[in-house]
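Open the model in your viewer and keep the sequence panel beside it. This tour goes from stop to stop, saying what to select and what is there.

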Amino acid sequence: MRMHGLLAALVVSTAALGLAAPAPAATRSTDTTAATDTAAAAKPIEKVSGLSHVLINPANAADTTWNPEPSSLGGRPLTLHATAPTVGAGAGAKADAKAADSPMAAAKASVWGTTGRLLTGGGVCTANVVSSANRDVIATARHCVEGGHDFQFAPNYDAGNAPYGWWTWRSAVWVTTPAPQGDIAFIVLNTKDGRHIADVVGSTGIGFNRDINNYAHIIGIPGVVPATKEHALWCGGQPVAGPEQPSTARIDNCIGLGGGASGGPFIVDYDQNDGSAVQTGDFVTGDSWQGKWWAVSAYYGDDAYNAFNGAQHS
């Protein structure tokens with residue numbers, strides 16, 4: 001994935017900032033044949049479980065009766081750190097062994113390699129592979145998932161290219177707290193060629209109930225036609241707590257995160273040496289507040305952990 005800085009002079013429409021962008025099949029240059037016709041045709045099973053909303057793909061989920069157990073951190077902070085890939089991207093045992101023996105195997109995954117394009121069946125968003133017990137979880141925004149039915153994800157996506165292919169889904173969970181502070185979702189992916197996505201590309205760390213004022217970055221992939229012009233953008237700044245309860249996290253110098261960037265990771269502890277980071281929220285939208293234009297991110301607290309914990313044990 002190529003990294004593109006944001007230009008302060010770039011002007012975007014406020015209506016476009018942060019919204020999921022439509023994705024007509026004719027405009028997308030990537031090969032999405034990895035998604036099966038069966039998965040696309042299956043009607044998801046939808047239900048509410050406590051403070052979380054659950055979506056199950058009956059074509060791929062081993063247990064269609066799955067119901068996540070309620071869980072809470074009681075406001076305590078928790079961080080799961082970034083992990084490195086453990087298998088090679090190529091096929092066969094030799095590729096896996098070579099990757100495991102490589103000195104790079106001990107390095108943490110770069111967030112630029114774990115962030116990618118999310119197709120929702122009717123639009124495009126951004127999502128990111130986060131550390132989880134099942135090694136299958138990606139984080140995104142709730143409005144990218146609500147109403148969706150055919151999720152496909154390509155990590156390290158850039159300019160219409162999906163170097164690790166497209167991964168299909170088996171379940172999804174999102175927070176029921178009102179938006180924007182509750183605009184949080186997690187999707188559980190199927191394995192691909194017998195491999196978990198976090199084993200192939202690694203994972204970004206994930207944190208809950210962290211201090212909101214840590215210096216942060218946002219990464220998103222705005223939707224562009226043609227898709228060969230789609231690149232990740234990022235911005236950084238000192239976030240402040242928004243007026244919502246619980247609070248959103250806001251950065252006031254993010255211009256250019258247009259439609260398709262929704263769901264992109266809000267990250268802290270970014271390591272300039274290896275690109276690793278900890279995701280503590282997801283980009284939702286932009287709005288005007290206190291005379292400034294802000295990039296608004298939903299911040300991970302107990303509600304987010306409850307949904308995430310269900311996803312990582314799905």
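**Stop 1: Arg250 and Glu244**

Select Arg250 and Glu244 in this predicted model. Both residues are buried. Show their side chains: Arg250 and Glu244 form a salt bridge. The closest N and O atoms are 2.7 Å apart.

**Stop 2: Lys292 and Asp252**

Move to Lys292 and Asp252. Their side chains meet in a salt bridge, at 3.1 Å from N to O. Colour by secondary structure to place the two partners. Lys292 sits in strand S18, residues 292–299. Asp252 sits in the loop between S15 and S16. The pair links distant parts of the chain, 40 residues apart.

Buried or partly exposed: which applies to Lys292? Lys292 is partly exposed, because its relative accessible area of 43% falls between the 20% and 50% cut-offs. Asp252 also counts as partly exposed, at 34% relative accessibility.

Now add Asp287 to the selection. Salt bridges with shared partners join Glu244, Arg250 and Asp287 into one network.

**Stop 3: Asp136 and Arg170**

How many salt bridges does a search of the whole structure find? The search finds eight. Another of them to select is Asp136 with Arg170. Here the closest N and O atoms are 3.1 Å apart. Asp136 lies in the loop between S6 and strand S7 (137–140), and Arg170 lies in strand S9 (residues 167–175), so the salt bridge ties together parts that are 34 residues apart in sequence. Check the surface around the pair: both Asp136 and Arg170 are buried.

**Stop 4: Asp282**

Next, select Asp282, in strand S17, residues 278–289. What is the nearest side chain of opposite charge to Asp282? That side chain is Arg142, and it is 9.0 Å away. Asp282 has no salt bridge, although this residue is buried. The 9.0 Å to Arg142 is beyond the 4 Å limit for a salt bridge, so the two do not count as a pair.

Now show the contacts of Asp282, leaving out residues up to four places away in sequence. Among them are Thr140, Ala141, Asp183 and Ile184. Gly263, Gly264 and Phe266 also touch Asp282. So do Val296, Ser297, Ala298 and Tyr300.

**Stop 5: Cys125 and Cys144**

Turn to the cysteines. The structure holds two disulfides. Counting bonded cysteines along the chain, the pattern is 1-2, 3-4.

Select Cys125 and Cys144. A disulfide joins the two, with 2.1 Å from S to S. The link of Cys125 and Cys144 is left-handed, with -90 degrees about the S-S bond. Cys125 is in strand S6, residues 124–129, while Cys144 is in helix H4, residues 142–145. This pair links distant parts of the chain, 19 residues apart. Why does Cys125 count as buried? Its relative accessibility is 0%, and the cut-off for buried is under 20%. Cys144 is buried as well, with a relative accessible area of 3%.

**Stop 6: Cys235 and Cys254**

Now select Cys235 and Cys254. They form a disulfide, with their sulfur atoms 1.8 Å apart. Look along the S-S bond: at 80 degrees, the link of Cys235 and Cys254 is right-handed. Cys235 belongs to strand S13, residues 232–237. Cys254 belongs to the loop between strand S15 (249–251) and strand S16 (265–268). The two cysteines are 19 residues apart, and the pair links distant parts of the chain. Cys235 and Cys254 are both buried.

**Stop 7: the whole chain**

Zoom out and show the cartoon. The protein chain has six helices and 18 strands. Of its 314 residues, 54% count as buried. Switch on the surface: the chain exposes about 12600 Å², and carbon and sulfur atoms supply 54% of that area. A contact map is useful here too. Among contacts between residues at least 6 apart in sequence, 71% join residues at least 24 apart.

**Stop 8: confidence**

Finish by colouring by pLDDT. The mean for the protein chain is 83, and 80% of its residues reach 70 or more. Where should you look for values below 50? Select residues 5–18: there the pLDDT is below 50, and the stretch has 29 contacts in the model beyond near neighbours in sequence. Then select residues 24–40. Here too the pLDDT is below 50, and this stretch has 35 such contacts in the model, again beyond near neighbours in sequence.

Definitions and conventions: Residues are numbered from 1 along each chain as its sequence is written. Side-chain values use heavy atoms; hydrogens and water are left out. A disulfide is a pair of cysteine sulfur atoms within 2.5 Å. Helices (H or I, at least four residues) and strands (E, at least two) are DSSP runs, numbered from the N terminus. Buried means under 20% relative accessible area, exposed over 50%, partly exposed in between (1.4 Å probe, protein chains only). Lys and Arg count as positive and Asp and Glu as negative; His and the chain ends are not counted. Contact means heavy atoms within 4.5 Å. Accessible areas come from the Shrake-Rupley method with a 1.4 Å probe; for residues, only the protein chains shown count as cover. pLDDT is the predictor's confidence in each residue, from 0 to 100.
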